[in-house]
Amino acid sequence: IPCSFPSCIRTFKKNGDLTKHVNRFHHAVSSAPVQPPNPTFDSEQVPPAFPFPSPPPPQIPQEEKKLHPYLTGDICNERGDYLPPDTPPPPRSTESPWSPFEGQAQFHLADLLFQKVEMSQGNIDELMDIWSLYEWQLAQVTGRDTCSFNGPFDNHKDLYRLIDNIVQGGASWKCFQSVVDESLPVNASEWQKISYQVWYRDLDTVIANILANPEFRNDFDIAPYVHLDSAGKRSWADFMSGNFAWRHAVSDLFEGAATVKGAMLVPVILGADKTTVSVATGHVEYHPLYLSIGNITNASRRAHRNAVIPIGFLAIPKSDRKYDKDPNFRVFKKKLYHASIAAILQALKPGMKIPVIRKCPDGHFRRVIYDLAAFIADYPEQVYVSGVVQGWCCRCNAMFSDLDGAADRRTQELDGILREEYGGEGRTLWDNFGVDEHVTPFTEHFPRADIHEMLSFDLLHQIIKGCFKDMLMDWTWEYLLLKHGDKRANEIFDDIDHRLAAVPAFPGLRRFPHGRRFKQWTGNDSKALMKIFLPAVAEYLPDEMMKCLSSFMDFCYLVRRSDINEDTLKAIESSLQAFHHYREIFRTSGVREHFSIPRMHSMVHYPLCITDFGSPNGLCSSITESRHITAVKKPWRRSNRYNALSQILLTNQRLDKLSALRSMLVNAGFVLPSGPSHTSQPDLFDVENEDVGPVDSGQAQADVKLARTRESGYPRFIAELGEHVGHPALEELTCQFLHEQLNLSEDSDLPHITSKVNVYHSAIAVFFAPSDRAGIRGMQQERIRCTPSWYSIERRDCVLATIDEDRPGFRGLSAARALLLFSFRHEKKTYPCALLHWFNMYGQRRDPKTGLWQVRPAFHDQAQQNPCLAVVHLDTLARGVHLIPVYGSHRLPVELKYHQSLDVFKLFYVNKYADYHSNEILF
């Protein structure tokens, strides 16, 4: 149905949509009285006030944080005496902030050489020699004394000495050894005769350093709390918003409750995971143990910022192959593992009963009580740390042969009862309860600690790599092999690879130029493939299988959000129920016999874990995996490979000191804060999403602006520009746009545009996206391209335009393709604009197979020769949108390139999986 208003080219499928459009955009113009011309009125001036008083602004419900009434984190002095809440923090030390360095230049050079460039010792010495030579030559030219000239440091030893003298962040490494039983027989196994070393740090000092870091001033919770959103519904985000912290802060759990009241709970978060630093040169492995605290926000923990600290390197016993299945060797390794962790944590045990005085990021002192809270680990590590048999769930008592059956939660208390009742009766505990009777978890030595309660979720290994890559994707290929045979299935696999390669480019989206055909998979590869997988396989899989994949994707994106409220939690449970229902297609088709897989079973525990620990992305093993790079792999590469562990430990200690000193200098205003740290260099097609930093409080949640510099080589007047870019109607469309912007009457003539026109090849969209990889401040920056040459190809990105703010999700938005970005001036006002080719919604609801909306380019005629174009203000645009072709049942030609897809295909999926923000708004 076309709009009857003159000069409007919009079309609608329903009378209701047309009526809303007319009432919203044309009714006010046609019914408004015509004002006499006022030659003194400027378009940028404020029009006269309305004669009637304006109604009061509506009362917007506010969010609320209900703090815990017992462990409230009250401030105190250094002796532990409580102070009034408005007491200012103690003044900073009057000593030189740059100590032990002589000044700002020397600190920055040390930070550059050791932390950023990671320069070797020989290169540092050579650089200092060159520096000294330059100073000597400069002195000769200027006539100064040339007796002695040195660089900022004498050599690398001088540099390392100054770093070692930094007071902040110091936590030296210590070592203890296992004791060999002297009564062993002569023919005992070699692994029994070895004394194993475990390196560790004093945890009380490590936590004190984290607490004293001023960089966490604005990312720190002093007490457990219940977060209620504006609708009065519970919301979970950071660790302290969960039930675990609230539950463990009640007075009944503490001895001497009167001395604990008013203290600050510090939940200790541990993480362990083996990592390999060299396979080709000797299979060098390390087993680091990490520590963080629950008071730090999830965003800071994910960005690292010295919130995740290596606190130990556990021993890795090795022996001959003949002992690989030796039960005695297996039990010994587990006992050594738990005994080592228990010994490392002993320094925290006094602070779990009696509060200790610690300085906090805001500069105040508080009485602190420690509590073991969470353990980050993948499934093999969870089995190790919980004393559960491989194949069983580490959180509930479900039978390994029927993990989807009803089961109660595992508890440490119940494990103890079972050991007392059935211990020593052969394999009863092992076979019937999944408990290893020979293993006593380290948590049994500490108050209020239950290892089964502490085990957190693992998005990386359970959901992304586990369920998606290792299960659902492999099961899909097995189904195609069973149904079509090897020959036809291989043809389908090749076509799916071509479809993945033909996906249009989008900011932050990794491309797959050869499809799935690469051997070394990473977590980022799996995440990137998830975003474009459904459209590539839609025509080859049955409806139930596609719905299974779609419901899993919904579950995956919901649990990866940074803020989860009650509605989101219900959606998670609904998607999980749908996934369990539709996955039966894999059983009925012969691909699977059962679904008793621990990693897939773990999905049922996510709703409870979210209410306990907050958002899963704050306790995911991807945090420890990324920390391996900076704490183990890079320091190992910097070592000389001889006794490398000692060098790794020393490097970590120096990095911690430099980082702590930098945080103090940033807080004092002597050094500018650095951007969020990245552990890896993004690839060519993953560089267009940037963190733009803090945004003014008055800024809207979505803002699109043109690039800073206009492009040369274009005509400067609107008529010639339209002919140049191949859209002769550009002048008329722009005049119609200006007519609407000026709110002119329906009968008035279209205004003329006489100013020069500026053309731009890109625009920047800034929007609030706390669930996205938007740095630590929650703002996402996305570049929208509209250029005839982007790496030698034409690129015209697609965008989302707001058409009805009252309709939720995609129903209030419209997809369009940006054909031109430009601006002009009229009556001293600049109008940033975009020439768009509209896309119409295909169907009244989402595609039932994929759960994605479908759109197609809009044309005025059936021959599709006259596209529906419009010029809109940049304020109409919300952000970019990713469209993936509906490929159909025919094979793609091999010569089709990804940059041609938007021109070749006539029907597209609106990809809500392109990023988390798209997933939240395109429902």
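Where does aspartate 458 lie? The points below take up that residue and then three other parts of this predicted model.

1. Aspartate 458 sits in a loop, with α14 (451–454) on one side and α15 (459–501) on the other. Leaving out residues up to four places away in sequence, aspartate 458 touches Ala377, Asp378, Ile463, Tyr606, Cys620 and Ser621.

2. The charge of aspartate 458 deserves a separate remark. This residue is buried, yet it has no salt bridge. The nearest side chain of opposite charge belongs to arginine 599, and it is 8.1 Å away. A salt bridge would need a side-chain nitrogen of Lys or Arg within 4 Å of a carboxyl oxygen of Asp or Glu.

3. Phenylalanine 176 is part of strand β3, which covers residues 173–177. Is it buried or exposed? Phenylalanine 176 has a relative accessible area of 23%, so it counts as partly exposed. The cut-off for buried is under 20%, and the cut-off for exposed is over 50%.

4. Phenylalanine 176 also has contacts with residues from other parts of the sequence. Not counting residues up to four places away in sequence, it touches Tyr196, Gln197, Val198, Tyr200, Ser340, Ala343 and Ile344. For one of these, tyrosine 200, the separation is 24 residues in sequence and 8.2 Å in space, taken from C-alpha to C-alpha.

5. Strand β17 (residues 762–768) is mostly covered, with 6 of its 7 residues buried. β17 pairs with β15 (residues 702–706) in the antiparallel sense, over 5 bridges. In this pairing, leucine 706 has alanine 763 of β17 as its bridge partner.

6. β17 is also joined to strand β18 (residues 779–790). These two strands run antiparallel and share 7 bridges. Here the bridge partner of serine 762 is arginine 785, in β18.

7. Helix α25 (residues 730–741) allows a simple check on length. Its 12 residues, at 1.5 Å a residue, should span 16 Å, and its end C-alpha atoms are 16 Å apart, so the two values agree. The expected span is 1.5 Å times one less than the number of residues.

8. Which residues of α25 are buried? They are Leu730, Leu733, Thr734, Cys735, Gln736, Phe737, Leu738 and His739. The buried residues of α25 pack against α24 (718–724) and against three strands, β21 (813–826), β22 (829–841) and β24 (869–873). After α25 comes asparagine 743, which has a positive phi, near 55 degrees.

Definitions and conventions:
Residues are numbered from 1 along each chain as its sequence is written. This is a predicted model: local features need pLDDT of at least 70, side-chain atom pairs count only at pLDDT 80 or more; totals for chains, interfaces and linings use all residues. Side-chain values use heavy atoms; hydrogens and water are left out. Helices (H or I, at least four residues) and strands (E, at least two) are DSSP runs, numbered from the N terminus. Buried means under 20% relative accessible area, exposed over 50%, partly exposed in between (1.4 Å probe, protein chains only). Lys and Arg count as positive and Asp and Glu as negative; His and the chain ends are not counted. Contact means heavy atoms within 4.5 Å. Two strands pair if DSSP finds at least two bridges between them.
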